[in-house]
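Thanks for passing this one along for a look. My notes are below as numbered points, so you can check each against the view.

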Amino acid sequence: MALEHAILVSLLEKPGSGYELARRFERSIGYFWTATHQQIYRVLKRMENDGWVDARDVPQQGRPDKKVYSVADLGRAALSSWLHDPIEPESVRHDLAVKIRGAAFDDPAALIHEVQRHRQAHRDRLTHYLTGQARDFTEPEPAARPADPAAPPDAERELQHAVLRGGIAYERMMIGWLDDVLATLARFGPDR
């Protein structure tokens, strides 16, 4: 995947300025595809030049005008083409896993602090995901449900939730694995 595709998805969900897009990357899509502010602005400019996005200037009170980007027809076509192309399953590159294997040739217990740090980072991300799920994906009140029970489901919302559930499952798996690693490393402590 290219950053262009992540930007197209984000702009289809909601048009916005480069700054707003960068903030969205920090809060949501960035957990699955990261980019710096500079990368986002550079790619947005290229996408605008290629006709993938449209930009309109929006005046702001007491501040410079901002550009609000939205997806153009060429951008939709590019995203559609990419969505229909097969992709290969990703290979995992995991520095911590290599360190864990390498610890057999040093002091395994010395790695405990690093594994605990990683576990906490995954715990924090899981908490963030669960908070977002509780905030954004609770069942609507009966009055807020569509009057027509045969109405089609909201694909954008349902697929966002599916990706979030995948992130939750991944973080839970990582925490479980890191707990197992910590238990294994503890067996090689100074009291062994």
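**Notes on the model**

1. Let me start with a side-chain contact: K67 and E48 form a salt bridge, with N and O 3.3 Å apart. The two residues come from distant parts of the chain, K67 from strand 2 and E48 from helix 3, with their positions 19 residues apart in sequence. K67 has a relative accessible area of 35%, so it falls in the partly exposed class. E48 is partly exposed too, at 27%. Keep in mind throughout that this is a predicted model.

2. How many salt bridges does the structure hold? The count is 7. One of them pairs R46 with E4, at 2.5 Å from N to O. R46 sits in helix 3 (residues 37-49) and E4 in helix 1 (residues 3-13), so this contact ties together parts that are 42 residues apart in sequence.

3. Are R46 and E4 buried or exposed? For R46, the relative accessible area is 38%, which makes it partly exposed. E4 comes out at 16% and counts as buried, because the cut-off for buried is under 20%. I'd have a look at this pair on screen, with the E4 side in the buried class and the R46 side in the partly exposed one.

4. Another salt bridge joins D179 and R119, whose closest N and O atoms are 2.4 Å apart. Here the link runs between helix 7, which carries D179, and helix 6, which carries R119, and the two residues are 60 apart in sequence. D179 is partly exposed at 34% relative accessibility. R119 is also partly exposed, at 23%.

5. Now the strands. Strand 1 (residues 53-60) and strand 2 (residues 63-71) run antiparallel and are joined by 7 bridges. Two pairings to check: D54 has S70 as its bridge partner in strand 2, and Q60 stands opposite R63, also in strand 2. K67, from the contact in my opening point, is in strand 2 as well.

6. What sits in the turn of that hairpin? There are 2 residues between the strands, and G62 takes a positive phi near 70°. That glycine is the spot I'd click on when you look at the backbone there.

7. On surface charge, which residues form the negative patch? They are E13, D154, E156 and E158. D154 belongs to the loop between helix 6 (112-136) and helix 7 (155-186). With 43% relative accessibility, D154 is classed as partly exposed, because it falls between the cut-offs of 20% and 50%. E13 is in the patch and also falls within the residue range of helix 1, 3-13.

8. A few separations are handy for getting oriented, starting with helix 6. D136 is in that helix and is partly exposed, at 32% relative accessibility. Between D136 and A169 the C-alpha distance is 17 Å, with 33 residues separating them in sequence.

9. Back in helix 3, Q38 is worth a click. Is Q38 buried or exposed? Its relative accessibility is 56%, so it counts as exposed. Q38 and A22 are 16 residues apart along the chain, and their C-alpha atoms are separated by 9.1 Å.

10. M174 lies in helix 7. Its relative accessible area is 4%, so this methionine is buried. From M174 to G51 the C-alpha separation is 41 Å, and the two are 123 residues apart along the chain.

11. Last one: where is F188? It is in the segment after helix 7. At 30% relative accessibility, F188 is partly exposed. F188 and A110 are 78 residues apart along the chain, while their C-alpha atoms are 9.3 Å apart.

How values were computed
Residues are numbered from 1 along each chain as its sequence is written. This is a predicted model: local features need pLDDT of at least 70, side-chain atom pairs count only at pLDDT 80 or more; totals for chains, interfaces and linings use all residues. Side-chain values use heavy atoms; hydrogens and water are left out. Two strands pair if DSSP finds at least two bridges between them. Helices (H or I, at least four residues) and strands (E, at least two) are DSSP runs, numbered from the N terminus. Patches are made of residues with over 30% relative accessible area and no salt bridge: like charges are joined within 9 Å, nonpolar side chains (Val, Leu, Ile, Met, Phe, Trp, Tyr) within 5 Å. Accessible areas come from the Shrake-Rupley method with a 1.4 Å probe; for residues, only the protein chains shown count as cover. A salt bridge is a side-chain nitrogen of Lys or Arg within 4 Å of a carboxyl oxygen of Asp or Glu. Lys and Arg count as positive and Asp and Glu as negative; His and the chain ends are not counted. The place of a charge is taken as NZ of Lys, CZ of Arg, CG of Asp or CD of Glu. Buried means under 20% relative accessible area, exposed over 50%, partly exposed in between (1.4 Å probe, protein chains only).
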